[in-house]
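Reader: I would like to learn how to read packing and burial in a model such as this one. Could we take the features one at a time, with the general idea before the case?

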Amino acid sequence: MTGVVAIVGVAICLSATMAWAWLMALWTGRSGWIDAIWSFATGLFGAALALIPMGDDALTHRQLLVAAMALFWSLRLGIHITMRTLSGGEDPRYTQLRVEWGRGYKARLFWFLQIQALAALVLALSIMIAARNPMPGLTLGDGTGVALLAAAIMGEAVADRQLSRFRSDPLNTGKICDTGLWRYTRHPNYVFEWLVWVAYAVIAIDLTGNYPQGWLAFAGPFLMYWLLVHASGIPPLEAHMVRSRGDAFRAYQRRVNAFWPGLPKGDGASQDNGDSR
């Protein structure tokens, strides 16, 4: 199979998958299925592009390693979002879109999810580029990439657990979580999610210059940073928090960096940030 055929096939599958996610969200009334399905699909089709035979080359250890990384990431994130969705949690970003789009919500949501399918394709291509680095054997770059991904998944799980534990305490009702990792960045889970895609770029790089296309894998972390910081991540989520928490969340914004971790600017009381992840 040629690379072009494989990529086109994955693009069609991602488009169909996000159409299914659209139907699931409308049928169940729970938007959480959108992000759960997107997470599973990105990992699954990224792994497929890593493993699909393209020419006569034999399957390499790097292909197997990168495919396993993609599947492990997608299972962790997808299962987390699925469990939250089954428990009745709703993503405030999609709730606000329903309000803003009004009667055009269903049609606009469909095309919005097709854009998400395109984003998933770019990320899956980053996985493919990393997997097909032709350097012989496994290298320090591969080990560094695995370490980054492991740290990212562990950090994201810790951030999710800290937020869940904070929310479960009745004394914290209506407050903003600024303890643990949430004390150093308002969105630690987003930081670690971005780091996942840096891991693939590190594996893809060949400093000898024999694989210049490896640098294209940086499209993954660049795209993920833009989505999280400037598009569908922080802006709509924080707009919701300002509406629901008002001055308490504005104080948290002034005190703690939005994305890049750093020491908080002064002290403040702990309150619930409502992060959708």
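Reader: Is Arg255 buried or exposed, judged by its relative accessible area?

Author: Please keep in mind throughout that this is a predicted model. The general idea is to compare the relative accessible area with a cut-off, and buried means under 20%. Arg255 has a relative accessible area of 10%, and therefore counts as buried; the residue lies in helix H10, which spans residues 247-255.

Reader: With which side chain does the side chain of Arg255 make a polar contact?

Author: Here one looks for a pair of N or O atoms within 3.5 Å. The side chain of Arg255 makes such a polar contact with the side chain of Asp178, at 2.9 Å. Asp178 sits in the loop between H6 and helix H7 (188-204), and because its relative accessibility is 4%, Asp178 is buried as well.

Reader: What does the side chain of Arg93 reach?

Author: In this case the partner belongs to the backbone: the side chain of Arg93 reaches the backbone oxygen of Ser232 at 2.7 Å. Arg93 is found in helix H4 (residues 92-101) and is buried, with a relative accessible area of 12%. Separation along the chain and separation in space should be read side by side, and for Arg93 and Gly233, which are 140 residues apart along the chain, the C-alpha atoms are separated by 8.4 Å.

Reader: How many angstroms separate the C-alpha atoms of Ala50 and Arg165, which are 115 residues apart along the chain?

Author: For that pair the C-alpha separation is 37 Å. Ala50 belongs to helix H2 (residues 32-51) and is buried, its relative accessible area being 0%. Leaving aside residues up to four places away in sequence, Ala50 touches Gln63, Ala67, Ile127, Ala131 and Arg132.

Reader: Is Arg167 buried, partly exposed or exposed?

Author: Arg167, in helix H6, has a relative accessible area of 39% and so is partly exposed. Its C-alpha lies 8.2 Å from that of Cys177, and these two residues are 10 apart in sequence.

Reader: How should I read the pairing of two helices, and at what angle do the axes of H3 and H6 cross?

Author: One takes the approach of the axes together with their crossing angle. The axes of H3 (residues 61-86) and H6 (residues 140-168) come within 11 Å and cross at roughly 5 degrees, which means that H3 is roughly parallel to H6. Among the H3 residues in this contact are Met69, Phe72 and Trp73, while the H6 side includes Val146, Leu149 and Ile153. By character, the residues of the contact of H3 with H6 comprise nine nonpolar, two polar and five charged.

Reader: Which residues touch the most other members of the largest nonpolar core?

Author: The general idea is that in soluble globular proteins nonpolar side chains tend to be buried together. In this model the largest nonpolar core has 68 residues, and Leu14, Leu109, Trp197 and Tyr200 touch the most other members. Helix H5 (residues 105-131) supplies the largest share of this core, with 14 residues. A second, separate core has 10 residues, including Ala159, Leu163, Met241 and Phe249.

Reader: Which residues does Trp197 touch, not counting residues up to four places away in sequence?

Author: With those neighbours set aside, Trp197 touches Thr42, Trp73, Leu123, Ile127, Gly220, Pro221 and Met224. Trp73 also appears in the contact of H3 with H6, and Ile127 is also touched by Ala50.

Notes. Residues numbered from 1 in each chain as written. Predicted model: local features only at pLDDT ≥ 70, side-chain atom pairs only at ≥ 80, totals over all residues. Heavy atoms only, no water. Axes fitted to C-alpha atoms, helices over the stretch in contact; angles between N-to-C directions. Helix = DSSP H or I, 4+ residues; strand = E, 2+ residues; numbered from the N terminus. Parallel < 35°, antiparallel > 145°, perpendicular 65-115°, else oblique. Contact = heavy atoms within 4.5 Å. Nonpolar A, V, L, I, M, F, W, Y, C, P; charged D, E, K, R; others polar. Buried < 20%, exposed > 50% of the residue type's maximum accessible area, 1.4 Å probe, protein only. Core = buried A, V, L, I, M, F, W, Y, C linked by side-chain atoms within 4.5 Å. Polar contact = N/O pair within 3.5 Å; in protein donor to acceptor, adjacent residues only side chain to side chain.
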